[in-house]
Each structure stands twice: as C-alpha cells, then as structure tokens.
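Here's a walk through a two-chain complex, written for someone who likes to know where to trust the coordinates before doing anything with them. Have the viewer open as you read.

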Amino acid sequence: MSVQSSVKQQFTNVAKQQNITLAPLTDDLGLLDSGLDSLCLAVVVARLEDELGVDPFASTEESKLPVTVGDFVHLYEDAVNKKQK
Amino acid sequence: MQPYEHKSLWDAIYAAGNLQERFLCGTERVIKLAELEQCTSLRGRAETLRGRSVLLRTRDLLASALAMIELDGIVRRMVLCPPDLKTDDLLYVAAAVQADAIVCDGTIVEDLHGIAELVPCGTELEPHAFQRGAQQPTEWILLTSGTTGTPKMVVHTLGTLGMAVDSSVLLDRRPVWCSFYDIRRYGGLCIFLRALLGGDSMVISSVCETTTEFLERVGAHGITHMSGTPSHWRRTIMSPAARCISPPYIRMSGEIADQAILDRVRDFYQAKVAHAFASTEAGVGFAVNDGLAGFPAAWAGTRQSEVDIKVEDGALLLRSRRNAIRYLGKNPAVCGADGFVNTGDMVEQRGDRYYYVGRRDGMINVGGLKIHPEEVETVLQMHPRVRMALAHARKNSITGSLVVAEVVLDEDHDDADRTKVAEELLHLCRSQLPAHKVPATIRIVSELPVAVTGKIVRHGE
C-alpha cells in the first residue's frame with residue numbers, strides 16, 4: 001500500500017468508527033473541513049505511527065503544519081522516505 | 001469478639017481453642033497450632049529480644065508467620081519486611097526503627113552496619129519451655145511503597161489490625177482461610193490475623209509460586225474463604241488449575257472490582273463474592289456483600305461496620321478506629337484534622353450507587369479532558385472474551401496523550417478472530433464512553449503483568 005493509500009485508509013477507518021461523514025479526500029481538501037476533529041487526527045497519527053513507524057508531528061515546526069489532506073500525505077511520504085534512507 | 005489491645009497473638013490463638021485441628025500451611029509443611037505450645041521456631045532466642053526492635057525478613061512466609069506469633073507481646077517493635085526490599089531501603093528502615101536485630105530464615109548477604117544481632121528463624125520447631133512473662137503491646141510496622149520509592153513505615157498494633165470476625169459464616173466446618181496476598185503486607189496480614197484470632201486455620205501463599213502452582217498446592221486443604229485482588233482472580237479463572245479450589249466465600253480488594261469479574265467469579269465457583277476496600281493507612285474500610293460493584297450511595301455520610309464514610313470532591317474518605325496510628329520517619333500525618341483519611345480513590349454517583357472510577361493520581365489527560373484508565377478497563381472487561389484489560393496513556397503530538405489499551409482474551413484465537421474481537425471492543429467502547437475515552441488502539445496480548453501485590457502493573461507515560 002502506498003503511503004497515500006495508508007493515510008487515506010486511516011482517515012476513512014477513524015471516520016467510520018466515529019460515525020462521521022467524511023468529505024471526499026481530495027488533495028486540496030482542508031483538514032478542518034474534512035469532518036475530523038483534533039481527537040480524530042490524533043488517533044490517525046497514532047495508528048499511522050503503528051503502521052508506518054513514523055510520527056512526523058513529533059518534530060514538525062509550527063510553520064510546516066499541514067493545512068490540506070495533500071499536505072498531510074506529503075508530510076508522511078517525506079517521513080517514510082527519510083526513514084528508509 | 002473482644003478487641004486485642006492487651007493480649008498477645010499467642011494468647012488469643014490459645015484462647016480460641018481447638019489447637020489440635022487448626023493449622024497453618026506453607027509450601028514445605030503443614031503445622032498444627034498445637035505444635036506451637038512449648039515450642040520455638042527461633043531456637044529459643046525470643047527471650048533475648050524482649051523489649052527490643054526487630055526486623056523480620058524471611059523468604060518463607062510460614063517462617064514469618066511463626067516468628068510473628070512467637071514475638072508478638074515480647075518485642076517492642078516488629079517490622080515486616082517484604083521480599084523486594086532493596087538494601088538501601090532496608091538500611092533506611094533499620095535506622096528509622098532503631099533496629100536491634102534481624103530475624104531471618106536465610107543468610108543475609110548485605111553488610112548491615114550496626115545491626116548487631118542476627119536471629120535465625122524457620123519452619124522447624126524445637127521444644128522450648130516458654131516463659132512469656134510480662135507482655136508489652138508490640139508495634140507492628142508495615143512497609144508501603146511511597147511514590148518516591150522510599151518505603152513508608154506505617155505503625156499498627158494488634159488492636160488496629162485485628163478485625164471483627166464475620167459472623168455470617170454458615171458452614172458445617174471451621175473456616176480455612178487463604179489469600180493470594182503476602183501476609184507481610186496489610187491485606188494479607190489482616191486475613192492471617194483474622195484466621196488466628198477467630199479460631200480458624202490458614203493456608204499461606206508463597207512468593208515463589210505461579211498462580212497455577214499455588215492453586216495446585218492449596219487445593220487439597222478445603223479452603224472455605226479465599227481473598228485476592230480482582231487481577232488475582234482474573235488470572236485464576238484463566239489457569240488450568242482453577243478447579244483445584246472451590247471456596248464458598250470469595251473476597252476481592254485492592255483494585256476496582258467491576259461487575260464483570262464479580263459475576264464471573266460468582267458463577268464459576270458458585271460462591272458468595274464480596275469486595276472490600278482496604279489500605280495500609282486507612283485500615284480496612286468496609287465490605288460490600290450484595291454482589292454489586294461500588295457501594296450504596298446511602299452509605300456516604302454514615303457509619304458502616306465501625307467505619308465512617310465520606311465522599312468529598314469525588315474522593316472517598318474513611319475514618320475508623322482501625323486507622324493506622326502513625327508513620328515513622330519523615331511523612332505527613334496519616335489523616336486530616338477530623339480523622340478522615342483520603343483513600344485516593346475517586347468515586348462517581350450513578351443512581352443510588354457510588355462506583356469506583358479510579359485512582360486520583362492515575363489520570364490520563366487527552367487534549368485537556370481527564371480520563372481514569374480504570375473506567376476504560378471496566379468497559380473492555382464487559383466483553384465476554386476479555387479476561388484482563390489495561391488502559392494507559394500513549395504520548396501523542398496532537399493532543400498530548402491518547403488512551404490506548406491491551407487486552408488478554410480467553411482461549412486460543414487466530415488473526416481473524418483477534419481482528420474481529422478488536423473491532424467489537426472498539427464498538428463496545430464507543431457505545432459506553434465519550435469519544436476522548438475510547439482507546440485509539442486496542443492490542444490483543446498474551447498476558448498482562450501483575451505485581452507481587454496482585455495489582456496490575458500500570459506504567460506512567
């Protein structure tokens with residue numbers, strides 16, 4: 001599974017488990033508009049850490065926090081690439 | 001039953017009679033109480049310890065039991081040292097109690113400055129003409145681990161430790177008590193004294209046995225009353241030796257007894273199940289015998305079995321004549337000005353009942369919202385496949401912490417089974433708990449560690 005698929009799958013899982021209607025996950029969808037609140041995102045981050053072995057938020061500076069779904073995916077893709085090097 | 005301010009333990013045992021049939025059972029041998037008359041397990045050296053301060057440190061618990069019986073009323077002060085006491089702590093305690101001697105059943109390897117005397121003890125008895133003579137009220141000092149790790153020394157006497165015997169026992173035979181607890185710790189000691197003062201027998205646990213080995217050993221002695229923590233009982237149900245015992249009376253304390261474990265143990269053993277609150281400082285609180293978790297809300301602000309109960313700011317406070325007298329060493333007073341001890345347990349009223357929700361100092365903070373891990377565990381334990389559960393904090397870069405959980409299931413299970421149960425558990429949590437209390441991940445594990453005290457091991461994060 002690509003990183004992008006993993007991320008989107010976790011968004012979908014968490015939304016389903018919390019009975020939240022998720023907006024369609026396009027790259028330019030704002031995270032704040034997705035339907036997921038900070039608690040949901042926290043759960044997504046925890047599960048992605050278990051699945052991919054990375055937590056990019058642990059070391060991300062304020063200025064680089066993701067705004068859109070696409071940003072979020074790129075953050076994880078970068079972290080996974082870094083890890084594999 | 002009379003209070004025991006003046007009689008020594010041996011006098012009380014003797015007064016209760018029936019010494020030929022009553023026994024104490026250890027790992028290596030069973031001793032009839034009649035054998036203790038005019039016999040010594042301390043090679044006759046109890047006399048040299050008259051009026052002095054001693055540390056009792058043994059590997060074998062039956063040896064400890066025999067030493068306690070022989071020394072109460074003779075020594076001024078007796079410190080019950082648990083097996084995991086580190087050398088530094090032992091020296092600290094020895095200094096604080098001004099110990100003159102160590103009573104020990106093995107070789108002490110530490111270099112114990114200033115403790116001049118080593119008095120050997122064991123489970124072998126030798127004939128000895130005992131002159132108990134003028135007796136003194138012995139201070140029993142129990143050690144409890146403080147949060148700093150340095151042990152706190154709590155001072156009791158036989159009066160504060162001796163318990164009123166439950167007269168609701170309806171059996172055709174004399175009670176045989178047994179406890180998972182170490183008799184050197186408060187919970188186990190209370191059971192031990194209850195057995196001896198009440199005219200009964202006791203089967204004593206061991207630090208060297210697994211749950212299964214313990215059940216196999218004790219099964220042959222016709223145990224009628226058995227006590228342990230809910231974690232002890234959860235492990236018992238999972239053990240292949242679970243059916244070695246069949247106690248008609250079961251008691252739980254030390255951890256929150258949720259409805260699931262109360263029901264499961266009651267059904268498994270067809271026993272009467274009670275749960276009790278007990279702590280080294282507060283003294284025994286009260287027992288709940290109606291088979292339900294928590295306690296009736298009507299009890300708050302009243303006295304139940306000589307214990308005053310109060311709930312203040314969600315915390316359970318108790319006042320009893322059995323509150324420990326004091327601490328030794330540098331420690332804050334045990335109780336507040338009005339005599340109430342804050343147990344540190346938080347309770348919540350739902351309907352006509354108070355339920356335990358967790359320890360005050362164990363809360364997890366998720367994005368500013370507080371959670372007791374025990375609340376989450378109680379929900380997980382509602383699932384019929386779950387035998388044990390542990391919830392704890394996991395660091396999270398977005399909310400600070402999240403709740404996560406591990407569970408132990410019954411029987412064998414494969415990957416598909418585990419996935420299915422994990423989904424069911426998540427669904428169960430969502431139906432019972434607000435979103436921030438639902439575990440972010442639920443892992444199925446093969447076992448969860450339980451400490452020597454019988455309490456599940458919790459890790460802070």
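## How confident is the predictor?

Start with the extremes in chain B: strand β21 (residues 326-328) has the lowest mean pLDDT among the elements of that chain, at 72, while helix α8 (residues 259-269) has the highest, at 97. Over the whole of chain B the average pLDDT is 87, and 89% of the residues score at least 70. Keep in mind that this is a predicted model, so everything below is computed from predicted coordinates.

For the complex as a whole, the predictor reports an ipTM of 0.88 and a pTM of 0.87.

## Chain A: helices and no strands

Chain A has three helices and zero strands, so there's not much to untangle: along the sequence the pattern is simply α-α-α. Its C-alpha atoms fill a box of roughly 35 × 25 × 20 Å along the principal axes.

Why call chain A compact? A compact globule of 85 residues would have a radius of gyration near 12 Å, and chain A has 12 Å, which agrees. Buried residues account for 28% of the 85 residues in chain A. Take the contacts in chain A between residues at least 6 apart in sequence: 62% of them join residues at least 24 apart.

## Where the two chains meet

How many residues of chain A are in contact with chain B? On the chain A side there are 14, and they are in contact with 13 residues of chain B. The largest share of the chain A side, nine residues, comes from helix α2 (residues 38-52) of chain A. By type, the residues on that side of chain A split into eight nonpolar, three polar and three charged.

## Chain B in outline

Chain B is a busier affair, with 10 helices and 28 strands. Of its 461 residues, 46% count as buried. For contacts in chain B between residues at least 6 apart in sequence, 65% join residues at least 24 apart.

## A buried strand: β5

Strand β5 (residues 77-80) of chain B is a neat one to look at in the viewer. B:R77 and B:V79 point one way from β5(B), B:M78 and B:L80 point the other way, and all are buried. That's the textbook pattern, because side chains in a regular strand alternate between the two faces of the sheet.

The neighbour to check is strand β4 (residues 53-57) of chain B, which runs parallel to β5(B) and is joined to it by four bridges. To find the register, look for B:S53, which stands opposite B:R77 in β5(B).

## Two hairpins in a row: β18, β19 and β20

Next, strand β18 (residues 303-304) of chain B runs antiparallel to strand β19 (residues 307-312) of chain B, with two bridges joining them. B:Q304 stands opposite B:V307 in β19(B). The pair forms a hairpin with two residues between the strands, and B:S305 in the turn has a positive phi of about 45 degrees.

β19(B) then pairs with strand β20 (residues 315-320) of chain B, again antiparallel, through six bridges. Here the bridge partner of B:I309 is B:L318 in β20(B). Which residue takes a positive phi in the hairpin of β19(B) and β20(B)? In this hairpin, with two residues between the strands, B:D313 has a positive phi near 55 degrees.

## The three-stranded sheet: β26, β27 and β28

Further along chain B there's an open sheet of three strands in the order β26-β27-β28, with mixed pairing. Its edge strands are β26 (386-396) and β28 (442-445) of chain B, each pairing on one side only. From one strand to the next the twist averages 25 degrees.

β26(B) and strand β27 (residues 400-409) of chain B pair in the antiparallel sense over 10 bridges, and a hairpin of three residues joins them. Two handy markers for the register are B:R394, which stands opposite B:L402 in β27(B), and B:H392, which stands opposite B:V404 in β27(B).

Is β26(B) mostly covered or mostly open? Mostly covered: nine of its 11 residues are buried. Helix α9 (residues 373-380) of chain B lies across β26 and β27 of chain B, running at about 140 degrees to β26(B).

Note on methods
Residues are numbered from 1 along each chain as its sequence is written. Chains are lettered from A and ligands numbered from 1 in the order in which they are written. This is a predicted model: local features need pLDDT of at least 70, side-chain atom pairs count only at pLDDT 80 or more; totals for chains, interfaces and linings use all residues. Two residues are in contact if their C-beta atoms, placed from the backbone, lie within 7 Å. Ala, Val, Leu, Ile, Met, Phe, Trp, Tyr, Cys and Pro count as nonpolar, Asp, Glu, Lys and Arg as charged, and the others, Gly among them, as polar. Two strands pair if DSSP finds at least two bridges between them. Axes are lines fitted to C-alpha atoms, for helices over the stretch in contact, and angles run from 0 to 180 degrees between N-to-C directions. A residue is buried if 20 or more other C-beta atoms lie within 10 Å of its own, exposed if 12 or fewer, and partly exposed in between; C-beta atoms are placed from the backbone. The radius of gyration is taken over C-alpha atoms; the globule rule is 2.2 Å times the number of residues to the power 0.38. pLDDT is the predictor's confidence in each residue, from 0 to 100.
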